[in-house]
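I set out to look up the overall fold, one sheet, the charged pairs and two buried positions. The entries below follow that order.

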Amino acid sequence: MRNLCTLAALACLFLGAGTRQATHRPTAPVLQRVADIPLPGPSLRFDYQSIDTTAGRLYVSHMDASELVVFDLGGRRVEGTIPHLPRVTGVWAVPALGEVFASVPGKHSVAVIDARTLRVKAWVGKIGFPDGIAYAPGVNKIYVSDESGGGELVIDGPTNRRVTTIPLGGEAGNTIYDPGSGRILVAVQTLNEVIEIDPCTDRVTARHELKGASNPHGMTLDAVGRLLFVANEGNARLLTVDMRTMDIIQTQRVGEEPDVLAFDPSWRRLYVASESGEVSVFVEEHDRLVYEGRVNIPHAHTVSVDPRSHVVYLPLQNMHGRPVLRIMSAHEP
């Protein structure tokens with residue numbers, strides 16, 4: 001009987017292990033706090049971020065304060081704010097154009113900001129609920145997703161004029177540029193698809209159904225490793241897609257309602273920030289993600305990482321009654 005019980009216990013242990021995430025055990029905490037820098041404005045929701053490594057700046061969308069915060073990465077100080085951007089969501093810096101593009105749902109438009117003066121120089125629209133933004137360098141075009149389902153807005157960078165709107169057939173989450181294929185990728189969350197757009201023709205060239213997806217929203221990629229990471233708001237799952245075949249090769253649990261993703265290309269580390277406040281951390285090993293751990297911080301649903309310093313940035317809407325930018329360090333894998 002004792003042998004049977006031992007065998008049964010081993011079987012349960014074996015079966016249980018199959019449902020857990022494989023864990024890479026670091027020698028140090030997965031993330032360590034370096035500083036909390038006070039941010040201007042009220043204790044309200046933040047959204048997307050964009051790092052400009054050329055200027056050494058971080059642009060942070062302070063969504064419910066209707067302003068964009070400009071942060072000096074080297075000096076670790078707020079350099080300025082750009083007001084009057086009602087419900088600003090997506091933001092993307094384009095150093096080649098000397099401009100920053102911001103999605104402004106309150107105006108159903110995209111604001112074009114002069115990176116030198118930090119003033120709005122143009123408005124482009126109309127678009128229902130602009131959200132994610134990507135830049136296609138080969139053609140100098142900007143692509144903006146519409147979370148209300150109105151299609152992908154295309155902007156000509158040199159003239160800041162609308163080129164076209166591409167019908168997608170559903171509500172779009174994030175939009176990213178893949179330098180490997182030269183395509184724009186859009187997560188169409190109501191169809192559980194990722195759509196490819198050719199920036200040369202502004203036509204949809206492929207639609208990829210994601211099995212196991214539920215409202216895919218946040219995306220990022222490992223351009224060199226040819227892996228696409230897609231976070232699903234509906235089931236708190238992270239899908240890893242082999243971009244050579246567009247097959248899903250891995251599924252991981254993350255925090256509830258995952259939102260913004262950030263990938264550190266040289267350290268091959270992925271951060272997934274969720275509305276629940278959980279930031280899940282993975283490291284890429286042999287074309288697979290290995291779970292390293294997590295941190296839980298209230299309102300930590302947006303994350304960015306500086307590819308030069310590997311420093312992680314988390315705008316937090318309310319820490320002891322005021323908004324802060326939490327700066328965190330990671331260990332080298």
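**Entry 1: overall fold**

I began with the secondary structure and noted one helix and 28 strands in the protein. The model is a predicted one. I then looked up the radius of gyration, which is 20 Å, close to the 20 Å that the globule rule gives for 333 residues, so the protein is as compact as a globular protein of that length. Along the principal axes, the C-alpha atoms fill a box of roughly 80 × 45 × 30 Å.

I also checked burial, and 55% of the 333 residues count as buried. For contacts with a separation of 6 or more, I found that 43% come from residues 24 or more positions apart.

**Entry 2: the sheet E14 to E17**

In what order do the strands of this open sheet lie? I read the order as E14-E15-E16-E17, four strands with antiparallel pairing. Strand E14 (172-178) and strand E17 (203-209) each have a single partner strand and stand at the edges, so one side of each is left without a neighbour in the sheet. From one strand to the next, the twist averages 25°.

I went through two of the pairings. E14 and strand E15 (residues 183-188) run antiparallel and are joined by five bridges. Aspartate 178 has arginine 183 in E15 as its bridge partner. E16 and E17 also run antiparallel, with six bridges between them. In that pairing, alanine 206 in E17 is the residue opposite glutamate 196.

I looked next at the connection between E16 and E17. The two strands form a hairpin with four residues between them. Aspartate 202 lies in the turn and has a positive phi of about 55°.

**Entry 3: salt bridges**

How many salt bridges does the structure hold? I noted 17. Side chains of opposite charge can pair when their charged atoms come close.

I returned to aspartate 202 and found its side chain in a salt bridge with lysine 141, where the closest N and O atoms are 2.8 Å apart. This pair links distant parts of the chain, 61 residues apart: lysine 141 belongs to strand E11 (residues 141-146), and aspartate 202 to the loop between strand E16 (193-198) and E17. Are these two residues buried or exposed? Both lysine 141 and aspartate 202 are buried.

A further salt bridge, between glutamate 193 and arginine 207, has its closest N and O atoms 3.1 Å apart. Here glutamate 193 is in strand E16 and arginine 207 in strand E17, 14 residues apart. I recorded a relative accessible area of 16% for glutamate 193, which is therefore buried. For arginine 207 the value is 40%, so this residue is partly exposed.

Salt bridges that share partners also join Arg33, Asp36 and Arg326 into one network. Within the network, I looked up the bridge between aspartate 36 and arginine 33, which is 3.4 Å from N to O. Aspartate 36, at 29% relative accessibility, counts as partly exposed. Arginine 33, at 55%, counts as exposed.

**Entry 4: aspartate 114**

I then turned to a charged residue in strand E8 (residues 109-114), namely aspartate 114. Which side chain of opposite charge is nearest to aspartate 114? I found arginine 116, 4.6 Å away. A salt bridge requires a side-chain nitrogen within 4 Å of a carboxyl oxygen, and aspartate 114 has none although it is buried. Not counting residues up to four places away in sequence, aspartate 114 touches Gly98, Arg119 and Lys121.

**Entry 5: alanine 231**

My last position was alanine 231, in strand E19 (residues 227-232). Its relative accessible area is 0%, so alanine 231 is buried. Which residues are in contact with alanine 231, leaving aside neighbours within four places in sequence? I listed Asn215, Pro216, His217, Gly218, Arg237, Leu238, Pro258 and Leu261. I also looked up the separation of alanine 231 and glutamate 257: 26 residues in sequence and 8.6 Å in space, C-alpha to C-alpha.

Technical notes. Residues numbered from 1 in each chain as written. Predicted model: local features only at pLDDT ≥ 70, side-chain atom pairs only at ≥ 80, totals over all residues. Heavy atoms only, no water. Pairing = 2+ DSSP bridges. Axes fitted to C-alpha atoms, helices over the stretch in contact; angles between N-to-C directions. Buried < 20%, exposed > 50% of the residue type's maximum accessible area, 1.4 Å probe, protein only. Lys, Arg positive; Asp, Glu negative; His and termini not counted. Contact = heavy atoms within 4.5 Å. Rg over C-alpha atoms; globule rule 2.2 N^0.38 Å.
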